[in-house]
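Student: I would like a close look at one helix of this model and at the side chains around it. Please go through the contacts in order and give the cut-offs as you go.

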Amino acid sequence: MKPGSWPSIGLIYLYGVATSASLSKIIPLQGDFAAQMGVTPAGFSLLLSLLTIPPALLAAAAGSIIDRIGSRTALIAAAAVGVIANLAYLLAESLAAFQFIRVFEGFIMVGAYSGAPALIMATAPPERRGRAMAFWSTYTPVGISLGLLLSAGFAGTAQWRGGYAIHLVLFAALLVAGFTLPRPPPVPLVAGAPRARLLAAWTQPGPLRLSLTFGMLVMMGFGLNIVFPAWYAAQHGASMGEASSLLALGNLVMIPGGLLAGTLLARGRRDYPLLLVLMIAAALISLPLLMPGESRVLRLLALAAWQFESGAAIAVVVAGLPRVVADARQGAAAAGLLSQVSALITFVTPLVWAPILASGQWPWFVLVVATSAALALLLFPRATSAPG
């Protein structure tokens, strides 16, 4: 497979999609965990968050290691972990087993979220790199939608683990396909103590600020994915399966949002003004999206607008990764930092949004969105020139 070609980029992209599905495939199964294992809402929130422990602790340092061993190797290893984790889910009999597997499954994120963007940056030609990274950014909505759809059809049935079996097959296919991935150019050795090199990404203001900005988008986007199925079901008398399917379809609207943002950036549009407009839009759209008493049609229109805006905002932030990395061949460390910060925020997000859902105090949803949007604008590292 030709390095830097769109087919190559597309295959790398699938690793991000499959990995993000790990995050969301459990959401439609909340009722099944309650019925089968007596899991409380608080316990389910913890189960959601456990996936993020490995990337929260290790992603930045692992990214530096991946720069050494190769991002291609990291993606193959991530797919292997995906096969093992999903097989273990099919055999697990207790909540403790599910919790242990959920933590182990988080190592997929360590490899894929660092290795995939690093491999794109290392192999894509400079004139294609920005647009390729904007395309890469859409792995989140596609993967979250895939995860929701994997389980939505099985939720509430005797075959409630069916989504895990399908996910296993997907990772098995990616494990085989991994041996066709391109090999990036060798990475030059960097002077300094090994420990200092492992933590170097945390000392670079550009990657750190970009990662924190992305974390604020996670707080908004993943938070909505956590609460929307139950919120929509309660507001409109729908089932969790129906609400999860609607959310999954709505998430796909993020794709044209991300692609449009990538096109605007490629044509010379500056990223900060674009992000400013998108963050203002997020705060405004959260009102009809989360207010009680709105009609079903208006809420679904607001969901579509939210997802379009979210996809565009993620693309703007992720497309900035190449410009804050000193050497495109060493992108795994910066991508790992972004993954680590994202994982830390992902771990906290259910603990912020789930209590609001339980209380029914919807204005707090809007406050969380507005605060996250403001912080994203403050943290985002501005470009010194128009992105190319």
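Tutor: What follows starts from helix 6 and then moves to contacts elsewhere in the chain.

The model is predicted, so local features need pLDDT of at least 70 and side-chain atom pairs count only at pLDDT 80 or more, while totals for chains, interfaces and linings use all residues. Residues are numbered from 1 along each chain as its sequence is written, and side-chain values use heavy atoms, with hydrogens and water left out.

Helix 6 covers residues 95-123 and contains Phe107. Helices here are DSSP runs of H or I with at least four residues, strands are E runs of at least two, and both are numbered from the N terminus.

The charged side chains come first. Side chains of opposite charge can pair when their charged atoms come close. A salt bridge is counted when a side-chain nitrogen of Lys or Arg is within 4 Å of a carboxyl oxygen of Asp or Glu. The model has four salt bridges by that rule. One of them joins Glu105 to Lys25, with 2.9 Å from N to O. Glu105 is in helix 6 and Lys25 is in the loop between helix 1 (6-24) and helix 2, so this salt bridge ties together parts of the chain that are 80 residues apart in sequence. Glu105 also meets Arg102 in a salt bridge, at 3.7 Å from N to O. Here both partners, Arg102 and Glu105, belong to helix 6 and are three residues apart, about one turn of the helix. Lys25, Arg102 and Glu105 are thus linked in a network of salt bridges.

Burial is judged by relative accessible area: under 20% is buried, over 50% is exposed, and anything in between is partly exposed (1.4 Å probe, protein chains only). Glu105 has a relative accessibility of 0%, so Glu105 counts as buried. Arg102, at 1%, is buried by the cut-off. Lys25 is buried, as is Glu105.

Next come the aromatic side chains. Rings of Phe, Tyr and Trp (its six-membered ring) pair if their centres lie within 6.5 Å; planes under 30 degrees apart are stacked, over 60 edge-to-face, and the rest tilted. The rule gives 14 aromatic pairs. In one of them, the ring centres of Phe33 and Trp160 are 5.4 Å apart and the planes stand at 70 degrees, so the pair is edge-to-face. Phe33 is in helix 2 (residues 30-37) and Trp160 in the loop between helix 8 (139-152) and helix 9 (162-177), which puts the two residues 127 apart in the chain. Phe33 is buried at 0% relative accessible area, and Trp160 is buried at 5%. Trp160 also pairs with Phe98, and this pair is stacked, with 6.1 Å between centres and 25 degrees between planes. Phe98 lies in helix 6 and Trp160 in the loop between helix 8 and helix 9, so the contact ties together parts that are 62 residues apart in sequence. Phe98 is buried, with a relative accessible area of 1%. Phe33, Phe98 and Trp160 belong to one aromatic cluster, together with Phe44, Tyr89 and Tyr164.

Phe107 in helix 6 is partly exposed, at 37% relative accessible area. Together with Leu57 and Leu58, Phe107 forms a nonpolar patch on the surface, with about 290 Å² of accessible area for the three together. Patch residues have over 30% relative accessible area and no salt bridge; nonpolar side chains (Val, Leu, Ile, Met, Phe, Trp, Tyr) are joined within 5 Å, and like charges within 9 Å. The areas come from the Shrake-Rupley method with a 1.4 Å probe, and for residues only the protein chains shown count as cover.

Away from helix 6, Arg323 and Asp271 meet in a salt bridge, at 2.8 Å from N to O. Arg323 lies in helix 16 (residues 321-324) and Asp271 in helix 14, so the pair ties together parts that are 52 residues apart in sequence. Helix 14 spans residues 271-290. Arg323 is partly exposed at 33% relative accessible area, whereas Asp271 is buried at 4%.
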